[in-house]
Amino acid sequence: MRRPAAVPLLLLLCFGSQGAKAATACGRPRMLNRMVGGQDAQEGEWPWQVSIQRNGSHFCGGSLIAEQWVLTAAHCFPNTSETSLYQVLLGARQLVQPGPHAMYARVRRVESNPLYQGMASSADVALVELEAPVPFTNYILPVCLPDPSVIFETGMNCWVTGWGSPSEEDLLPKPWILQKLTVPIIDTPKCNLLYSKDTEFGYQPKTIKNDMLCAGFEEGKKDACKGDSGGPLVCLVGQSWLQAGVISWGEGCARQNRPGVYIRVTAHHNWIHRIIPKLQFQPARSGSQKRDPRGQEPLEQSSAPSLPAHTILLVLPALLLHL
């Protein structure tokens with residue numbers, strides 16, 4: 001039986017494109033059950049987190065940013081042409097027997113930022129295109145990407161997630177449950193100062209570049225580590241989670257005066273937009289913006305994203321005219 005003509009028109013006007021669909025869904029986990037020094041994540045808590053695997057083994061993290069795209073680190077892909085070796089696991093809390101909510105996706109291509117020049121350099125970002133769009137569920141949703149108007153302030157508590165090692169010496173024990181850790185943003189001058197210390201212990205001074213973002217603790221003890229690379233640093237802005245950074249590098253794991261260093265997503269807005277023209281970026285909002293000052297769990301959301309009221313009001317008169 002044919003549907004009334006107004007139904008598909010309404011859907012077209014409200015959702016428009018894949019980009020609009022992803023923007024409506026992004027950054028709002030639907031399953032809200034209430035690393036080094038991290039704790040186990042809950043099922044569906046970070047639905048954009050993915051495991052990038054080579055020959056069936058996890059080696060890097062990443063974040064789903066659209067139905068067919070994953071954002072990760074360029075250093076995860078020294079050879080971008082060997083796509084047949086890679087697969088992406090989505091919707092998983094643990095890597096051993098991921099469960100019915102998880103799915104694997106094959107990789108079509110990898111686009112590394114052409115400005116990347118090696119470990120600890122700028123532009124350590126890559127985009128992974130999946131062979132087919134993935135369905136959004138309670139356990140598989142994209143994270144929002146901020147546009148350059150969004151500023152993640154010093155001291156803001158954000159979250160980093162991944163299946164990396166719990167320390168420099170140890171591996172995450174089976175069944176390899178996703179870890180989460182809250183870390184404060186550190187301003188670049190202070191981070192440069194920290195990375196210039198302790199040269200008497202054999203450390204080489206490192207420079208925090210303009211497209212880098214530091215987060216962590218001066219005293220160490222809590223940090224991302226090996227296997228977390230490419231994963232997201234996300235911050236709660238308003239009622240949506242925005243990805244502030246991509247896990248890039250650090251001197252060891254959780255060492256004193258060596259906080260984690262991330263690639264700042266807003267610094268590569270133009271490059272990401274060139275690769276994925278339809279992708280929508282979240283602008284800064286003025287006035288009513290609220291965030292949890294402790295960077296704690298997501299605010300409770302309804303089970304499905306709602307359309308803005310003004311959009312519906314604008315659409316309905318146009319529909320009535322055509323009845």
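**Ile272 and its surroundings.** I began with Ile272 in this predicted model. Leaving aside residues up to four places away in sequence, I found that Ile272 touches Leu71, Leu127, Leu145, Val265, Leu279 and Phe281.

**The largest core.** I then looked up the largest nonpolar core, which holds 62 residues. Ile272 is among the members that touch the most others, together with Leu64, Ile65, Val88 and Leu145. Next I asked which strand gives the most to this core. I noted strand E3, residues 57-66, which contributes 5 residues.

**Another core.** Apart from the largest core I located another, of 19 residues. Val183, Ala215, Leu242 and Ala244 are among the residues of this core. I recall as background that nonpolar side chains tend to be buried together in soluble globular proteins.

**Thr161.** I turned to strand E8, residues 157-162, where Thr161 is found. Is Thr161 buried or exposed? I recorded a relative accessible area of 2% for Thr161; this is under the 20% limit, so the residue counts as buried. I also looked for a partner of the Thr161 side chain and found a polar contact with the side chain of Gln49, at 2.6 Å.

**Confidence.** I checked the pLDDT last. The protein chain averages 78, and 69% of the residues score at least 70. Over residues 1-20 the pLDDT is below 50, and I noted 16 contacts for this stretch in the model beyond near neighbours in sequence. The pLDDT also stays under 50 over residues 287-323. For residues 287-323 I noted 53 contacts in the model beyond four places in sequence.

Conventions. Residues are numbered from 1 along each chain as its sequence is written. This is a predicted model: local features need pLDDT of at least 70, side-chain atom pairs count only at pLDDT 80 or more; totals for chains, interfaces and linings use all residues. Side-chain values use heavy atoms; hydrogens and water are left out. A nonpolar core is a set of buried Ala, Val, Leu, Ile, Met, Phe, Trp, Tyr and Cys residues joined through side-chain atoms within 4.5 Å. Buried means under 20% relative accessible area, exposed over 50%, partly exposed in between (1.4 Å probe, protein chains only). Helices (H or I, at least four residues) and strands (E, at least two) are DSSP runs, numbered from the N terminus. Contact means heavy atoms within 4.5 Å. pLDDT is the predictor's confidence in each residue, from 0 to 100. A polar contact is a pair of N or O atoms within 3.5 Å; within protein, one must be able to donate a hydrogen and the other to accept it, and residues adjacent in sequence count only if both atoms are side-chain atoms.
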